[in-house]
Amino acid sequence: MAAPSATPATRTGPLVVQPLRRRHCAACHAGPLRMLVLEDGAPRCLDCADLGHLVFLPRGDTALTRRSREESGLSAVVVRFNRRKGRYERQGVLVEEAGLARAERRCLADAEARRRRRARDARRREREDARFTDAFAAEIRRLFPGCPPDRARDIAGHASVRGSGRVGRSAAGRALSEGAVTSAVAASVRHLDTPYDDLLMSGLPRPEARRRIAAAVETALRGWRAGGSGPPGAEGSGPPRAGSVGPPGAEGAGARRAGGTGPPGAPDAPAYPGSAGRL
């Protein structure tokens, strides 16, 4: 895939890139450039792109960033390519210096009010999260009456951590769908009650590791659905003992971690340059 011919504009202004490689301006040959704009496939320094009078505001203060853009007649989003994640990520904004000064005065004027509002919002989210965790645990107990109450609470708490991207925070999880609840319980059994993690650490591919412990997970879920509450490994009751399935030479290996994670949610990505055209 060819590099993009120009830096795509965002919905609220131009886009500026912090390059990973040494780049020089195609117009004035200045460089290496700390920030650049792509025009017709060629890098331009901020001065040649008519953005040289703007100042950089790093990300981190949402209120200051929003107000700085409101106070600036011209602004630009600054991004950099993250090699590990394979995508461009926002680093901050370029804004007019006078607009930044006005935004800072506005933020100072209502700093205490915003602090109190953040504290209220945090308490409200804690109450909402606690209610949701209780509801998720109750649904686990309804679908799997043999699951011990403490275990159900642990599974619900792990699956429903805000911002985790786990199954409890998905749309299906928030709706307490049977599929989402079952996925959370199965993930917990997989990691806590089978040698699944040991299989992965032994170098076994994930699909094969899942295939090997699938029967053990299904046996555990079937036992909990039927209302069994005996110790792990008891016939028709809780999850099988770790070590019942395992890699060669790993019989009897205990599981190490409690809880499991659902697939991470894919965050919405802005219209940044494609990874094939990273700078």
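**Exercise 1.** In this predicted model, determine whether Tyr88 is buried or exposed, and characterise how the rings of Phe81 and Tyr88 are arranged.

*Solution.*
1. Tyr88 has a relative accessible area of 5%. The cut-off for buried is under 20%, so Tyr88 is buried.
2. Phe81, with 6% relative accessibility, is likewise assigned to the buried class.
3. A pair of aromatic rings is described by the distance of the centres and the angle of the planes.
4. Searching the whole structure yields two aromatic pairs. For the rings of Phe81 and Tyr88, the centres are 5.2 Å apart and the planes stand at 70°.
5. Planes over 60 degrees apart count as edge-to-face; the pair of Phe81 and Tyr88 is therefore edge-to-face.

**Exercise 2.** Identify which residues touch the most other members of the largest nonpolar core, and which elements give two or more residues to this core.

*Solution.*
1. The largest nonpolar core has 27 residues. Those touching the most other members are Phe136, Ile140, Phe144, Cys147, Val185, Val189 and Leu221.
2. Two or more residues of this core come from each of helix H3 (111-143), helix H4 (149-159), helix H6 (178-192), helix H7 (196-201) and helix H8 (206-225).
3. Another core, of eleven residues, lies apart from it; Leu36, Val77, Val79 and Tyr88 are among its members.
4. For Val185, with residues up to four places away in sequence not counted, the residues touched are Ile140, Phe144, Ile155, Leu221 and Trp224.

**Exercise 3.** Classify the relative orientation of H3 and H6, and state which residues make the contact.

*Solution.*
1. Two packed helices are described by the angle between their axes and the distance between the axes.
2. The H3 and H6 axes come within 10 Å, crossing at roughly 90°.
3. Angles of 65 to 115 degrees count as roughly perpendicular; H3 and H6 are therefore roughly perpendicular to each other.
4. On the H3 side, the contact involves Phe136, Glu139, Ile140 and Leu143. H6 contributes Glu178, Ala180, Val181, Ala184 and Val185.

**Exercise 4.** Describe where Val161 is found and what its surroundings are.

*Solution.*
1. The loop between H4 and helix H5 (171-174) holds Val161.
2. Its relative accessible area is 37%, so Val161 is partly exposed.
3. Once neighbours within four places in sequence are set aside, Val161 is in contact with Arg166 and Arg169.
4. Asp129 is 32 residues apart from Val161 along the chain, and their C-alpha atoms are separated by 7.9 Å.

Definitions and conventions:
Residues are numbered from 1 along each chain as its sequence is written. This is a predicted model: local features need pLDDT of at least 70, side-chain atom pairs count only at pLDDT 80 or more; totals for chains, interfaces and linings use all residues. Side-chain values use heavy atoms; hydrogens and water are left out. Rings of Phe, Tyr and Trp (its six-membered ring) pair if their centres lie within 6.5 Å; planes under 30 degrees apart count as stacked, over 60 as edge-to-face and the rest as tilted. Buried means under 20% relative accessible area, exposed over 50%, partly exposed in between (1.4 Å probe, protein chains only). A nonpolar core is a set of buried Ala, Val, Leu, Ile, Met, Phe, Trp, Tyr and Cys residues joined through side-chain atoms within 4.5 Å. Helices (H or I, at least four residues) and strands (E, at least two) are DSSP runs, numbered from the N terminus. Contact means heavy atoms within 4.5 Å. Axes are lines fitted to C-alpha atoms, for helices over the stretch in contact, and angles run from 0 to 180 degrees between N-to-C directions. Angles under 35 degrees count as roughly parallel, over 145 as roughly antiparallel, 65 to 115 as roughly perpendicular and the rest as oblique.
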